[in-house]
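Here is an informal walk through one chain, starting from a single residue and working outwards. Have the model open alongside as you read.

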Amino acid sequence: MTNRSWGIIVIGDEILSGRRQDRHLQKTIELLAPRHENLQFAHYIGDDEEQIVTTLQTTMQGDATVFCFGGIGGTPDDLTRQCAAIAAGVELVRNPEAVELIEARFGKDAYPMRIRMSDLPEGCELIPNPYNRIPGFRIGHHHFLPGFPVMAHPMMEWILETHYSIDIPADYIESAIYLHGTPESSIVETMEQMIDCYKDVRFFSLPIHREGSGINLIEFGVKGKTSDVEVAMEDLKSKLAEMNVIWTEER
């Protein structure tokens, strides 16, 4: 388990126009779930150099691990490689290792266009692409991947296994109860008290509205080490009882 922050950036006019549907957000959530990690942000940007550079400059100043999808191809509307170089303050240079991979894949047909995909930010590390061998690249904790899920998702799995291997405690659990007929605003103070008191666990609150049923619930839970969660949950139930809040173990 870590306290690492995670984010994604999805680049491409086709996503914002609806010509293609984003599949990266859900996949990232799925890959982080077994690690008991959550995304902190997701940015969607069109093929606009200024916006891409500004977004990357901002995220590179933070400490989040970021997966950036799209725009690393060789056509004129693929701007991510050069924008990443600008944001990182380095030159865009022809990467010899990437040249070898692209030449091995395409031979003489690598020139003059496909070889452009080997023009990468100076000093970056390559990310292997098992689908067609054209690599992505890594700058610090920013990982630049193709927009195609069939390529990007195996590459993202490789990144997590290779660079962010973690040991998840065997006694990690999530425990939740469901509050009935209680507005979320009425438990804010209680939640703040619990967060201040129990630093080793994480609390979450999720309103649930059952359309047409008139039933409103709040899923209120705790996650962390089993012993810590059990103590926090018992305290939470006691506080809710004092507030005359009705809760159940099941939805």
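Let's start in helix 2 (residues 24-32), which is where Thr-28 is found. Keep in mind that this is a predicted model. Is Thr-28 buried or exposed? Thr-28 has a relative accessible area of 1%, so it counts as buried. Which residues is Thr-28 in contact with, once its neighbours within four places in sequence are left aside? The list runs to Ile-8, Leu-39, Phe-67, Phe-69 and Met-156.

Helix 4 (residues 80-88) is another place to look at burial: Thr-80, Arg-81, Cys-83, Ala-84, Ala-85 and Ala-87 are buried there. Just after helix 4 comes Gly-89, with a positive phi, near 75°.

**Salt bridges**

How many salt bridges does a search of the whole structure find? The search turns up five. Three of them are set out here.

| Pair | N to O distance | Where the partners sit |
|---|---|---|
| Arg-94 and Asp-119 | 2.7 Å | strand 4 (residues 92-94) and strand 5 (residues 119-121) |
| Lys-237 and Glu-234 | 4.0 Å | both in helix 8 (residues 226-242) |
| Lys-237 and Glu-249 | 3.0 Å | helix 8 and the segment after strand 12 (246-248) |

Take Arg-94 and Asp-119, whose side chains meet in a salt bridge. This pair links distant parts of the chain, with the two positions 25 residues apart in sequence numbering terms: they are 25 residues apart. Arg-94 is partly exposed, at 42% relative accessibility, whereas Asp-119 is buried, with a relative accessible area of 17%.

Now for Lys-237, which has a salt bridge to Glu-234 and another to Glu-249. Where do Lys-237 and Glu-234 lie? Both belong to helix 8, three residues apart, which is about one turn of the helix. Lys-237 itself counts as buried, at 15% relative accessibility. The bridge from Lys-237 to Glu-249 has its closest N and O atoms 3.0 Å apart. Because Lys-237 lies in helix 8 and Glu-249 in the segment after strand 12, this pair ties together parts that are 12 residues apart in sequence. Glu-249 is partly exposed, with 41% relative accessibility. Put together, Glu-234, Lys-237 and Glu-249 are linked in a network of salt bridges.

**The chain as a whole**

Stepping back, the secondary structure comes to eight helices and 12 strands. Why call the chain more spread out than a compact globule? Its radius of gyration is 23 Å, and the globule rule gives 18 Å for 251 residues; the chain's value is well over that, so the chain is more spread out than a compact globule. Along the principal axes, the C-alpha trace spans about 75 × 40 × 30 Å.

Buried residues account for 43% of the 251 in the chain. As for how contacts reach along the sequence, take those between residues at least 6 apart: 67% of them join residues at least 24 apart.

On the surface side, the chain exposes about 13,500 Å², and carbon and sulfur atoms supply 49% of that area. The chain has 22 positive and 39 negative charges, and the mean positions of the two sets are 7 Å apart.

Technical notes:
Residues numbered from 1 in each chain as written. Predicted model: local features only at pLDDT ≥ 70, side-chain atom pairs only at ≥ 80, totals over all residues. Heavy atoms only, no water. Buried < 20%, exposed > 50% of the residue type's maximum accessible area, 1.4 Å probe, protein only. Contact = heavy atoms within 4.5 Å. Rg over C-alpha atoms; globule rule 2.2 N^0.38 Å. Areas by Shrake-Rupley, 256 points an atom, 1.4 Å probe, with all protein chains shown as cover. Lys, Arg positive; Asp, Glu negative; His and termini not counted. Charge placed at Lys NZ, Arg CZ, Asp CG, Glu CD.
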